[in-house]
Amino acid sequence: MSLNEQVLSYPIPNDTALEPPAEWAELRGTCPVAHVKLPSGDQATLLTRYADVKQVLADPRFTRQLNAPDAARLSAEGGGVFNSEISTIIPDGGAEHQHWRRLVGKWFTAKRMAALRPSMTEIAERLIDDMVERGQPGDLKAGLGFPLPVYVICDMLGVPAADRDRFSYWSDTLLNLTRYTQAEIEAAQGEFFQYMSDHLAAKRAEPGEDLLSELIAVGGPEDGGLADIQILVTGMALLVAGHETTANMIGKMVSMLLADRSRWEALLADPSLIRTAVEETLRLDANSGFGLPRYLPEETEVSGTVLPRGTTVVCSMAAANRDESAFEDAAEMDLSRSPNPHLSFGAGAHSCLGQALARTELQVVLEVLLRRLPALELAVPVEELERVEGLAVGGLRTVPVRW
Amino acid sequence: MKVIVDEVKCCGAGQCVLIAPEVFDQREDDGIVILLEPEPGADQHALVREAAAVCPAAAIEVSEGA
């Protein structure tokens, strides 16, 4: 039976940590608009070609209304972040979304990120010192990848260092589609919501230099600002969107570069490759998680296939990023690839708000690691790296390293 | 080379500023693109082409030969 006739289970099972499942190439070639069955049992339509994924992500007819009554549920327990009611408080599209995006976007400009570099470098150096002190082999994910982005976001939100670990737990719980029970997810969401309400009240009473204080200072909707509940949810969303994604990518990036140590050596010899190397690991990340779901409130056509109203589409950016029609030698890692218009941050009006932050964090981590631990290597064979199961965002369980 | 930017499409990703800071900037108050140099010099052409190619919102248009 060909892929055209069968209904694939999605996510597609994959035993290797860093390599793509064989089905991607076959789907791109012969079945670019494929029927898939989600963990909930609901059906969706999977897109794997570069041109289709790019077009759909930028097309406002493909909405993010995953809470529509006939939208596919991602897992039996619900859809985690994607289907939650909380996700409806931030405007989904049109002028209101653009207004929200621009109020928050000023915090993620290239200049702001450049200004954050010194403090990020300091955080990375301190975390690496601690890891080295604990002795080798060490787990680069637990020691560096997981804490760094949550420290950076907590700083941006004005959250004290003492509360960082609670933030880590909440973001882990809210992004997981299968590991936690519905009761645990709801409890975490409730605690997080309460914490942020108290935190906002404190910022209102005593404003700081942080993003939330400035959003409060703009005023309410009548003054061109956001409603209280929107500020609160924005704070929650920034943590959930910015923590686990980057944390996992740090571990995957380093693993990909160490899997063939000539890559690491090329970067040691020429650190000016750091920027393009980061982009190339983002492009080739075969374990980026679920992809982006979209819901169709009206009939629409993709690649000559009519998709009926009510269809839930899943865009696999990771499969699209390996499309030979968009990238020369798409399966090869080229540390100097340029331009590299990969879709790992999405495309269009909803493309990742925090992409400049993520890029800066990844560049800083790589720069500091190359400088401080030039002898870095994986402490286990690549085949023994294990995937984390159950996350909307894919990652490795641990990244054991020596130096 | 002539460069046109679309402020309505722009999503403030900042890639153009990272790649070609002499040609692009972002507004302080919302992160939207500012075109510093609509007719950049030859030394900037490769960078401008890269910035246009990777812009997630396809908000940069480059016309060559002009």
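**Notebook: helix α15(A) and its surroundings**

I began with a helix pair, and found that α13(A) and α15(A) cross in a right-handed sense. This is a predicted model, so I read every value below as computed. α13 of chain A covers residues 274–284, and I get an angle of about 115 degrees between α13(A) and α15(A), with the axes 10 Å apart. On the α13(A) side I listed Ile274(A), Arg275(A) and Val278(A); they meet Arg359(A), Leu362(A), Gln363(A), Leu366(A) and Glu367(A) of α15(A). By type, I sorted the residues of this contact into four nonpolar, one polar and three charged.

**Entry: the other partner of α15(A)**

Next I looked at α4(A) against α15(A). Their axes are 9 Å apart and the packing angle is about 40 degrees. An angle over 35 degrees but under 65 falls outside the parallel and perpendicular classes, and α4(A) and α15(A) are therefore oblique to each other. I noted that this crossing is right-handed. From α4(A), the contact takes in residues including Ala110(A), Met113(A), Leu116(A), Met120(A), Ala124(A) and Ile128(A). From α15(A), I picked out several, among them Ala356(A), Leu357(A), Val364(A), Val365(A) and Val368(A). The contact of α4(A) with α15(A) divides into eleven nonpolar, two polar and four charged residues.

**Entry: the core**

Which residues touch the most other members of the largest nonpolar core? I found Ala124(A) and Val365(A), in a core of 132 residues. I also asked which element gives the largest share of this core. The answer is α15(A), with nine residues. I then followed Val365(A) outward: leaving aside residues up to four places away in sequence, Val365(A) touches Ala124(A), Leu144(A), Leu148(A) and Ile250(A). For background, I jotted down that nonpolar side chains tend to be buried together in soluble globular proteins.

**Entry: where chain A meets chain B**

I counted 20 residues of chain A in contact with 17 residues of chain B. On the chain A side, the elements giving two or more residues are α3 (94–105), α4 (110–134) and α15 (355–372). The largest share of that side comes from α3(A), with three residues. I sorted the chain A side into eight nonpolar, eight polar and four charged residues.

**Entry: backbone checks**

I went looking for cis peptide bonds. The bond from Gln136(A) to Pro137(A) is cis, with omega near 0 degrees, and Pro137(A) sits in the loop between α4 and β4 (138–139) of chain A. The bond from Ser338(A) to Pro339(A) is also cis, with omega near -5 degrees; Pro339(A) lies in the loop between α14 (317–320) and α15 of chain A.

Then I turned to positive phi outside glycine. Ser303(A) has phi near 50 degrees and lies in the loop between β6 (300–302) and β7 (305–307) of chain A. I found 13 C-beta neighbours inside 10 Å, so Ser303(A) counts as partly exposed. In chain B, Ala58(B) has phi near 50 degrees and belongs to the loop between α2 (45–54) and β4 (60–63). Ala58(B) is partly exposed because 17 other C-beta atoms lie within 10 Å.

**Entry: a pair far apart in sequence**

Last, I checked Glu383(A), in the loop between β9 (377–378) and β10 (400–402) of chain A. Buried or exposed? Glu383(A) is exposed, because I find 11 other C-beta atoms within 10 Å. Glu383(A) and Thr16(A) are 367 residues apart in sequence, yet their C-alpha atoms are 6.8 Å apart in space.

Technical notes:
Residues are numbered from 1 along each chain as its sequence is written. Chains are lettered from A and ligands numbered from 1 in the order in which they are written. This is a predicted model: local features need pLDDT of at least 70, side-chain atom pairs count only at pLDDT 80 or more; totals for chains, interfaces and linings use all residues. Two residues are in contact if their C-beta atoms, placed from the backbone, lie within 7 Å. Helices (H or I, at least four residues) and strands (E, at least two) are DSSP runs, numbered from the N terminus. Ala, Val, Leu, Ile, Met, Phe, Trp, Tyr, Cys and Pro count as nonpolar, Asp, Glu, Lys and Arg as charged, and the others, Gly among them, as polar. Axes are lines fitted to C-alpha atoms, for helices over the stretch in contact, and angles run from 0 to 180 degrees between N-to-C directions. Angles under 35 degrees count as roughly parallel, over 145 as roughly antiparallel, 65 to 115 as roughly perpendicular and the rest as oblique. A crossing is left-handed if the near helix is turned anticlockwise from the far one by less than a right angle, and right-handed if clockwise. A nonpolar core is a set of buried Ala, Val, Leu, Ile, Met, Phe, Trp, Tyr and Cys residues joined through C-beta atoms within 7 Å. A residue is buried if 20 or more other C-beta atoms lie within 10 Å of its own, exposed if 12 or fewer, and partly exposed in between; C-beta atoms are placed from the backbone.
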